[in-house]
Amino acid sequence: MKKWTNKGDKPTRHGFGEGVLEAAKINSSVVGLGVDITGSVSMNFFADAFPERFYSMGVAEQNAVGVASGLALSGKTPVFSTYGVFSALRDADQVRISICYNNVHVVVGGAHAGISVGPDGATHQALEDIAVMRTLPHMKVISPCDAYQAKEATIYAINELDGPVYVRFGREKVPNFMDENYPFEFGKAQVLTEGSDITFFSTGHMTWEALQASEILKNENIGARVVNIHTIKPIDKAAIIKAASETRAVLTVEEHQINGGFGSAVAEVLAENQPTWLKRIGMPDTFGESGQPRELMEKYGLVGANIAQKAREILSRLK
Amino acid sequence: MVTFSKIEQLKSVATEIRVNTLKSLAEAGSGHTGGSLGLADIFTALYFYVLNHDPKNPKWEDRDRLVLSIGHVAPVFYATLAEAGYFDKSELMTLRKLGSRLQGHPGREHGLPGIELSAGSLGQGLSVAVGMALAAKADKKQHRIFCVNGDGELQEGSVWEAIMSAGHYQLDNLISIVDRNRVQIDGPTSEVMGLEPLKEKFESFGWEVMECEGNNMEHILRTFALATKTLAKPTVILAETTMGKGVAEIEGDYRWHGKPPKKDQLESFINQVKNAAS
């Protein structure tokens, strides 16, 4: 099985920004909306290249969502991006009605996902966005694992998908490890390592941490299968059921509240189709806080060593 | 110049729309009567005089857009669309019923032609209208975007974000009509949450403000004619309407915001509407 290596750290937000730019180069209907943090969410790549197609909306996120809907209803392909705490939570009603109920093709960016936002603290760490976005009818939810995949997924979301799409990405530099042998296929889970003891279902840059955990466990003769789920909605039920049926237990790993998020989505699939021992790793119904990204990930049990330990615990209970 | 006979014709259309609004609401057994009756003249003017549209080709690219932000006045909107020929009037009697294309608040996915936006959560329509106006400018299109807002709706902060952005982008292809009936569900707007000075507020956000007697057809037409001449800024028409216009029991009574006529009241209400017009 392939050994995954980090080709260099890069923020997934840069992958998103590059994706918007590439999509816009080949699709003249693409327009962008910025709400004063254009550079912070990497929309500046697009805005600098296509200033006439970029709309500055000020610090007014609710209006920006409606404007995006109006642009989409007029044949444009709007990309609206801001921190996930705003695009998914402050704007929840606007996204629900003006975008989802109208089923318009707007790509909503959810930046600064997870605790790894770091020193800005709880207000800016999006930890509930998956839960809200995945319950909205027509909405599709994508959570790429690195900058490479973020770029691919963003291009696909803009130029190939229809209707509302939420693309989630982070602030910090994280390992960039995907390559052209593992192309982004919308709605398809990716098995990154084989193993028959436990499955790690992971999303976002937690997939890298899950890979680290699987390396640690390999030395202990524990086979951990890592399945990267970049499309949280529609979720790849078949791949989840298959992996769960071929391993003894399941861990889900996400930078999000364990309630209602990615782990819940996996649990829903398994509870209805393939009852399995399952534990969710994520934020335990608590707000985040300030600190260095790595410190926070360690504190909340989100790094490879933590995941490996959880795996040992769950497997020991099954002996 | 609008002729006397044209105005008389539009008044009779408005009466027909009021009658059908009342009938559909009574049949539905729920819905918003007050605002619907108050806006019948504005809707008549829009669909029978002002808007450049084609009921037989509702997706015509160059049509003027009418965004109904206050989705709760759907009954008068539907009655107007039917009167204009978007669908058969008999369908009005399915309002709010299971399987109907006439949802309680307009929903595009149910397939009724002529709906530009699914709306009903207040404070969102003007933002969408701004987006449509920006797109029309970008594509160098000549069509206009009209948005019907409520005065109570202006208490939503998001509306002021939209107002700010329309002023910023100098959207002279955007016209908002505010149904200034001065009442809302909890009572008079001045008591629930005061809005004045409304004219000055819009002006300070870079809008052209026009005031209009919203139940006076001649005045409505004259105001729209002026509004479409505004350059380099958006226009708002503060339309002073009477909620429940045409029915004495309803006029100006906020308790009629979200109440339908009972079936035994219908004949009397229809007669009043018809008599008021004659």
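The domain assignment of chain A distinguishes two parts, domain 1 (9–175) and domain 2 (190–318), and the model in which they are seen is a predicted one. Taken over C-alpha atoms, the centres of domain 1 and domain 2 of chain A are 25 Å apart. Where these domains meet, 30 residues of domain 1 of chain A are in contact with 31 residues of domain 2 of chain A. On the side of domain 1 of chain A that touches domain 2 of chain A, at least two residues each are supplied by helix 6 (129–133), strand 6 (140–142), helix 7 (147–159) and strand 8 (173–175) of chain A. Strand 6 of chain A has the largest share of that side, with three residues. Sorted by class, the side of domain 1 of chain A that touches domain 2 of chain A holds 15 nonpolar, nine polar and six charged residues.

Chain B can be described as a whole before its parts are taken up. Its secondary structure comes to ten helices and seven strands. Chain B is as compact as a globular protein of 278 residues, because its radius of gyration of 17 Å is close to the 19 Å that the globule rule gives for that length. The C-alpha trace of chain B spans about 50 × 45 × 40 Å along its principal axes, and buried residues make up 55% of its 278 residues. Among contacts in chain B between residues at least 6 apart in sequence, 77% join residues at least 24 apart.

The two chains also touch one another, in a contact that takes 22 residues from chain A and 23 residues from chain B. On the side of chain B that touches chain A, the elements giving two or more residues are helix 5 (125–138) and helix 6 (157–168) of chain B, and helix 5 of chain B gives the most, with nine residues. The table sets out the classes found on the two sides described so far.

| Side | Nonpolar | Polar | Charged |
|---|---|---|---|
| Chain B, touching chain A | eleven residues | eight residues | four residues |
| Domain 1 of chain A, touching domain 2 of chain A | 15 residues | nine residues | six residues |

In soluble globular proteins, nonpolar side chains tend to be buried together. Here the largest nonpolar core has 191 residues, of which Val20(A), Phe200(A), Ala129(B), Val130(B) and Ile237(B) touch the most other members. Helix 5 of chain B gives the most to this core, with nine residues, while domain 1 and domain 2 of chain A each provide at least three. Leaving aside neighbours within four places in sequence, Val130(B) is in contact with residues of both chains, among them Val67(A), Gly70(A), Ala162(B) and Leu174(B).

In helix 6 of chain B lies Val159(B), which counts as buried because it has 25 C-beta neighbours inside 10 Å. Apart from neighbours within four places in sequence, the contacts of Val159(B) are with Gly123(B), Leu126(B), Asn149(B), Glu153(B) and Leu154(B).

Helix 9 (residues 217–227) of chain B has several buried residues, namely Met217(B), Ile220(B), Leu221(B), Thr223(B), Phe224(B) and Ala227(B). These residues cover an arc of only 165° around the axis, and therefore they lie on the same side of helix 9 of chain B. The elements covering the buried residues of helix 9 include helix 1 (4–28), helix 3 (40–50), strand 3 (174–180), strand 6 (208–213) and strand 7 (235–240) of chain B.

Conventions. Residues are numbered from 1 along each chain as its sequence is written. Chains are lettered from A and ligands numbered from 1 in the order in which they are written. This is a predicted model: local features need pLDDT of at least 70, side-chain atom pairs count only at pLDDT 80 or more; totals for chains, interfaces and linings use all residues. Two residues are in contact if their C-beta atoms, placed from the backbone, lie within 7 Å. Helices (H or I, at least four residues) and strands (E, at least two) are DSSP runs, numbered from the N terminus. Ala, Val, Leu, Ile, Met, Phe, Trp, Tyr, Cys and Pro count as nonpolar, Asp, Glu, Lys and Arg as charged, and the others, Gly among them, as polar. The radius of gyration is taken over C-alpha atoms; the globule rule is 2.2 Å times the number of residues to the power 0.38. A residue is buried if 20 or more other C-beta atoms lie within 10 Å of its own, exposed if 12 or fewer, and partly exposed in between; C-beta atoms are placed from the backbone. A nonpolar core is a set of buried Ala, Val, Leu, Ile, Met, Phe, Trp, Tyr and Cys residues joined through C-beta atoms within 7 Å. Domain bounds come from an automatic or database domain assignment. The arc is that of the directions from the helix axis to the C-beta atoms.
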